[in-house]
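Thank you all for coming; I would like to walk you through one structure, taking a few places in turn. Please have the sequence and the model in view as I speak.

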Amino acid sequence: MKKYAVIVAGGSGLRMGTAVPKQFLPLRGKPVLWHSLNTFLKAWPDLDIIVVLPPDYVRTGEEIVATTTNPARIRITVGGETRYHSVKNGLTCINETSIVFVHDAVRCLITTNLIHRCYEAALEKGNAIPAIQPIDTLRIETANGNHLLDRSQVRIIQTPQTFYSNIIQKAFEQPYDPSFTDEASVVEKLGIPIQLIEGEASNIKITRPLDILLAEKILEENDRS
Ligand SMILES: Nc1ccn([C@@H]2O[C@H](COP(=O)(O)OP(=O)(O)OP(=O)(O)O)[C@@H](O)[C@H]2O)c(=O)n1
Ligand SMILES: C[C@](O)(CO)[C@H](O)COP(=O)(O)O
């Protein structure tokens, strides 16, 4: 089955607070985005990538793409106001039946093992969403105070969120809803059940300065082993 990865790098990184959006910050000498692109290129030789960039950073993105292992397999498009709009723009570049991975550029510690597991699970059941169990105790705030949550029933959701192209493209014909924080929430609104598979604790979303330190350390350990 043909494979496409839509790598969303169209955000501005407000929580990171750097002048340059976090997807362009260096991590062991290469931009965060470069790491994500190269891992997907490595996953299969027949996988093509659509990278979604902020309009003001297309030139920067082109320079990063040029330094990857296979620039010819990467197409560039521009992002939108929210993650939903960026994903929607990326999906318009796909015109054939395929398995589609939607991945946060800033989850740059993704492994080919997780990508392969998402593919197999999506091929079988139509979609695959990586998730991990929380390691903290959880409470929910209510009108009358707060109460303990049963954390064994809660999952932390990751990317790549993986679907048959016809399912995700149909889902993104629905108008934007502010409750759409990921692709699973958009597909679920069509009434399609979401399949969770085991994610990876190291598949962190670079969000705050601490995450860059953590990612540096994890990559350093990976390079050593
Ligand atoms: N309009 C947007 C917003 C987000 N993203 C991408 O979606 C991924 C996850 O989003 P997040 O971590 O929230 O990134 P930002 O929106 O950039 O960060 P912040 O919310 O701190 O501003 C990132 O790779 C980001 O570039 C995108 O392509 N287009
Ligand atoms: C898609 C996602 O990475 C799953 O954890 C997450 O929902 C993105 O949310 P953000 O608030 O835009 O970072």
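**Loops, a core and a helix pair**

Let me begin with Arg28, whose place is in the loop between strand 2 (26-27) and strand 3 (30-31), where helices (H or I, at least four residues) and strands (E, at least two) are DSSP runs numbered from the N terminus. Before going on, I should say that this is a predicted model, in which local features need pLDDT of at least 70 and side-chain atom pairs count only at pLDDT 80 or more, while totals for chains, interfaces and linings use all residues. Residues are numbered from 1 along each chain as its sequence is written, and chains are lettered from A and ligands numbered from 1 in the order in which they are written.

Arg28 has a positive phi of about 50°, although it is not a glycine. Most residues other than glycine have a negative phi, and most peptide bonds are trans. Is Arg28 buried or exposed? Arg28 is exposed, because 12 other C-beta atoms lie within 10 Å; a residue counts as exposed at 12 or fewer such atoms within 10 Å of its own C-beta, as buried at 20 or more, and as partly exposed in between, with C-beta atoms placed from the backbone.

A second loop, between strand 10 (156-157) and strand 11 (161-164), holds Pro160, and the peptide bond that leads from Thr159 to Pro160 is cis, with omega near 15°.

Turning to the interior, the largest nonpolar core (buried Ala, Val, Leu, Ile, Met, Phe, Trp, Tyr and Cys residues joined through C-beta atoms within 7 Å) has 53 residues, and those with the most contacts inside it are Val6, Ile7, Leu37, Phe40 and Val51. Helix 1 gives the most to this core, with seven residues. If we leave aside neighbours within four places in sequence, Leu37 is in contact (C-beta atoms, placed from the backbone, within 7 Å) with Ile7, Ile49, Val51, Val65, Thr68 and Ile74.

Finally, in helix 3 (residues 83-91), the buried residues are Tyr84, Ser86, Val87, Lys88, Gly90 and Leu91. What do the buried residues of helix 3 pack against? They pack against strand 1 (3-8), strand 4 (47-53), strand 5 (74-78) and strand 6 (99-104), and also against helix 5 (165-171) and helix 6 (183-188).

Terms used. Two residues are in contact if their C-beta atoms, placed from the backbone, lie within 7 Å.
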